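This briefing is for a reader who is meeting the structure for the first time. Please look through the sequence and the structure below before reading the notes.

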Amino acid sequence: NFGPFSGFTFSLFGGYAKAKEWYVPAYRDIQPFTEREISGWHAGVKLGYSHRLFDISATAQAAPSEYAHSWIDFYDGARYVVDAEATVHPVDRLDINLGYEWRDHRFATDDPDERYSLGNKSDLRLGVSYGITPALTVYARAENLLGHRYEILPFISSQKQTGLIGLSVKF
């Protein structure tokens, strides 16, 4: 990018896929997943801005949300997915990230005439990472900071706040 739009990103995207024996959430069987043939499209828009001190981005996607027609990457049959993220780089090798994901019209089904609602997902997350060396990074992440409960799979509720601390090594 250059000129008055330097750092800005805008993209439209979409796709279509068809899959046989694709695993999707189920609620009647003993197993949490069932296989079925699905096909579907998805479309979205991504906006972003990158600066030496910060990066921001937002993505919005839509897809059909039906028994045989849904986007294969939306494991939960979501109709709409919105994801926003902001990262600041206050000092060299330090990143602080705040993000939010919303997934709407989530469901599970093993029958074309019945749907089991998984509820909407509303997830606020915060992460910090510091690159000790180019090959070694330490990080911490907290998710579901709003404490919103939703079902990951039928009858399996999400945890409230969760956290992760780790070390990343690049070879």
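In strand β8, L126 is the residue that stands opposite L98. That pair is a starting point for the pairing of β5 with β8, where 10 bridges join two strands that run antiparallel. The model is a predicted one. The points below take up the strands, one cavity and a few single residues.

**Strand pairing around β5**

- β5 covers residues 94–104 and is joined by nine bridges to β4, which covers residues 80–88.
- β4 and β5 run antiparallel, and V81 has R103 of β5 opposite it.
- Five residues lie between β4 and β5, and the two strands form a hairpin.
- In the turn of that hairpin, R93 has a positive phi of about 75°.
- β8, which covers residues 121–133, runs antiparallel to β5 as well.

**N97 in β5**

- N97 is a residue of strand β5.
- N97 counts as buried because its relative accessible area is 17%, and the cut-off for buried is under 20%.
- The side chain of N97 makes a polar contact of 2.7 Å with the side chain of T87.
- When neighbours within four places in sequence are left aside, the contacts of N97 are E85, A86, T87, R125, L126 and G127.
- One of these contacts, L126, is also the residue opposite L98 in the pairing with β8.

**The cavity**

- Searching the whole structure gives one cavity of 30 Å³ or more.
- The volume of the largest cavity is about 70 Å³.
- Its lining is made up of 14 residues, and those nearest the centre are V24, P25, F74, Y75 and G77.
- β1 (8–25) and β2 (33–50) are the elements that give two or more residues to this lining.
- β1 gives the most, with four residues.
- By type, the lining of the largest cavity holds 10 nonpolar residues, two polar ones and two charged ones.

**Y16 in β1**

- Y16 sits in strand β1, an element that also contributes to the cavity lining.
- Is Y16 buried or exposed? Y16 is exposed, because its relative accessible area is 56% and the cut-off for exposed is over 50%.
- Not counting residues up to four places away in sequence, Y16 touches S39, G40, W41 and W71.
- From Y16 to Y75 there are 59 residues in sequence and 15 Å in space, C-alpha to C-alpha.
- Y75 is one of the residues nearest the centre of the largest cavity.

**Two loop residues with positive phi**

- H105 is in the loop between β5 and β6 (107–111).
- The phi of H105 is near 60°, which is a positive value in a residue other than glycine.
- H105 counts as partly exposed, because its relative accessibility is 44% and that class lies between 20% and 50%.
- N144 is in the loop between β9 (136–143) and β10 (151–153).
- N144 is not a glycine, yet its phi is positive, at about 55°.
- Which class of accessibility does N144 fall into? N144 is buried, because its relative accessible area is 5%, under the cut-off of 20%.

Methods
Residues are numbered from 1 along each chain as its sequence is written. This is a predicted model: local features need pLDDT of at least 70, side-chain atom pairs count only at pLDDT 80 or more; totals for chains, interfaces and linings use all residues. Side-chain values use heavy atoms; hydrogens and water are left out. On a 1 Å grid over the protein atoms alone, a cavity is a set of points where a 1.4 Å probe fits but cannot get out, and a pocket is an open set with protein on both sides within 12 Å along at least five of seven lines; lining residues have an atom within 4 Å of a point. Grid points are joined across faces, edges and corners, and a volume is the space filled by probe spheres set on the points. Ala, Val, Leu, Ile, Met, Phe, Trp, Tyr, Cys and Pro count as nonpolar, Asp, Glu, Lys and Arg as charged, and the others, Gly among them, as polar. Two strands pair if DSSP finds at least two bridges between them. Buried means under 20% relative accessible area, exposed over 50%, partly exposed in between (1.4 Å probe, protein chains only). A polar contact is a pair of N or O atoms within 3.5 Å; within protein, one must be able to donate a hydrogen and the other to accept it, and residues adjacent in sequence count only if both atoms are side-chain atoms. Contact means heavy atoms within 4.5 Å.
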